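Reader: I am new to this structure, and I would like to understand the words used to describe it. Could you take me through them one at a time?

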Amino acid sequence: MIRAIGLYIFFLYFYIEYWGKVKFNGFTVIYTFKGSSICLGEGILINSSFLSNLLGLYQRTIIVARYGGKITIGNNCGISGSTIYSMEEITIGNNVIIGGNCKIVDNDFHPLDCYKRNPQSINDIGKKKIIIGDGCFIGANSIVLKGTELGYNCVVGAGSVVCGKFPDNVIIAGNPAKVIKQNSQKDKTELL
Ligand SMILES: CC(C)(COP(=O)(O)OP(=O)(O)OC[C@H]1O[C@@H](n2cnc3c(N)ncnc32)[C@H](O)[C@@H]1OP(=O)(O)O)[C@@H](O)C(=O)NCCC(=O)NCCS
C-alpha cells in the first residue's frame, strides 16, 4: 500500500514539467550509470501513460544508458512509449518524432555465440552507434537496430525494422526497411 502511494506521487510528479525543458506525460523510466550519459535538449515531450498518445501505448518510455553508453536527444523532440537503450552511442537530432511503441537499441543485449551467453560478458555483445538526423519521423512500432544512420528529414514507416545507412529526405519502410519513396526535399537549415 505504501509503495502504491509512493508510485502515485511519483507519477503525479512526472506529470509536470521537469527542469523546465522536458515535459513528461506519465511515469517515465530514465536512468544512467557511472561512465554513461544521457543528455536531453529543450522542448522535449515524453509520453508514457496509455492514452497520452491516442495510438495507445503498450509501455512507458524507457531511456537507459549503461556500460559506457551515451544518449543525446536534441531540441523539440517527441517520444511516445518507446525504449531508447544505449551501450555505445545513440544520437537523436532536433525536431525528431519517435512514434508509439518504438525501440531504438544500439546493441544486441546478448552475445551471438551461445557459449558466451551464460554468464555473458559485456565485451561479447555487439554494439554500433546509431544516428538519427534532424527532422526524422519514426513510425509506430518500429525497431531501429545497431549501426543505423538516418539522414535528416527521413520518415520510417510504421512497423519497420531498420538497419543500415540511409540518406537525407527519404521515406523507408518494411522489414528490412528499404527506401520506398523520396520525402519532400528539405535543406537542413530549414529544419533548425
Ligand atoms: C510510410 C508512410 C509515411 C508512407 O505514407 P505515404 O507517403 O502516404 O505512402 P503510401 O501510403 O502511398 O505508400 C507508398 C508505398 O509504401 C508502402 N508502405 C506504406 N507504409 C508502409 C509500411 N509502414 N510498411 C511497409 N510498406 C509501406 C505502401 O504499401 C505503398 O506500396 P506500393 O507503392 O507498392 O503500393 C506511412 O504509410 C506510415 O507508415 N506512416 C507512419 C504512421 C505512424 O506510425 N504514425 C505515428 C503514430 S504515433
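Author: What follows is a series of questions about the terms used for this structure, which is a predicted model.

Reader: Why is Ser86 called buried?

Author: A residue counts as buried when its relative accessible area is under 20%, and Ser86 is therefore buried, since its value is 0%. Ser86 sits in strand β9, which covers residues 83-86.

Reader: How do you know that a polar contact links Ser86 and Glu88?

Author: A polar contact requires a pair of N or O atoms within 3.5 Å. The backbone nitrogen of Glu88 lies 3.2 Å from a polar atom of the Ser86 side chain, and 3.2 Å is within that limit of 3.5 Å.

Reader: Which way do the residues of β9 point?

Author: Thr83 and Tyr85 point one way from β9, while Ile84 and Ser86 point the other way, and all of them are buried. In a regular strand the side chains alternate between the two faces of the sheet.

Reader: What makes β6 and β9 a pair?

Author: Two strands pair if there are at least two bridges between them, and β6 and β9 have four bridges, in the parallel sense; therefore they count as a pair. One of the positions involved is Ile63, whose bridge partner in β9 is Ile84. The strand β9 also pairs with β12, again in the parallel sense, over three bridges, and here Thr83 stands opposite Lys103 in β12.

Reader: How many bridges are there between β12 and β15?

Author: Strand β12 (residues 103-105) and strand β15 (residues 143-144) are joined in the parallel sense by two bridges, and the requirement is at least two, so these strands count as a pair. In this pairing Ile104 stands opposite Val144 in β15.

Reader: Why are β3 and β18 said to stand at the edges?

Author: The open sheet in question has six strands in the order β3-β6-β9-β12-β15-β18, with parallel pairing. Both β3 (29-32) and β18 (161-162) have a single partner strand, so one side of each is left without a neighbour in the sheet.

Reader: What is the order of the strands in the open sheet that contains β7 and β10?

Author: That open sheet has six strands, with parallel pairing, in the order β4-β7-β10-β13-β16-β19. Its edges are β4 (37-40) and β19 (165-166), each of which has a single partner strand, so one side of each has no neighbour in the sheet. Within this sheet, β7 (residues 70-73) and β10 (residues 90-92) run parallel and are joined by three bridges, and the bridge partner of Ile71 in β10 is Ile90.

Reader: Why is Leu54 called exposed?

Author: The word applies to a relative accessible area over 50%, and Leu54 is exposed because its value is 78%. Leu54 lies in the loop between β5 (44-47) and β6 (62-65), and together with Phe50 and Leu51 it forms a nonpolar patch on the surface, with about 400 Å² of accessible area.

Reader: Why is Asn76 called partly exposed, and why is Asn101 called buried?

Author: Buried means under 20% and exposed means over 50%, with partly exposed in between. Asn76 has a relative accessible area of 47%, so it is partly exposed, whereas Asn101 has 6% and is therefore buried. Asn76 is in the loop between β7 and β8 (78-80), and Asn101 is in the loop between β11 (97-98) and β12. Neither is a glycine, yet Asn76 has a positive phi of about 55° and Asn101 has a positive phi of about 65°.

Reader: What makes the approach of Ala140, Ala158 and Lys181 to the ligand a matter of polar contacts?

Author: The limit for a pair of N or O atoms is 3.5 Å. A backbone N or O atom of Ala140 lies 2.7 Å from an oxygen atom of the ligand, a backbone N or O atom of Ala158 lies 2.9 Å from a nitrogen atom of the ligand, and an N or O atom in the Lys181 side chain is 2.9 Å from an oxygen atom of the ligand. The protein covers 44% of the 920 Å² of accessible area that the ligand has on its own.

Conventions
Residues are numbered from 1 along each chain as its sequence is written. This is a predicted model: local features need pLDDT of at least 70, side-chain atom pairs count only at pLDDT 80 or more; totals for chains, interfaces and linings use all residues. Side-chain values use heavy atoms; hydrogens and water are left out. Patches are made of residues with over 30% relative accessible area and no salt bridge: like charges are joined within 9 Å, nonpolar side chains (Val, Leu, Ile, Met, Phe, Trp, Tyr) within 5 Å. Accessible areas come from the Shrake-Rupley method with a 1.4 Å probe; for residues, only the protein chains shown count as cover. A salt bridge is a side-chain nitrogen of Lys or Arg within 4 Å of a carboxyl oxygen of Asp or Glu. Buried means under 20% relative accessible area, exposed over 50%, partly exposed in between (1.4 Å probe, protein chains only). A polar contact is a pair of N or O atoms within 3.5 Å; within protein, one must be able to donate a hydrogen and the other to accept it, and residues adjacent in sequence count only if both atoms are side-chain atoms.
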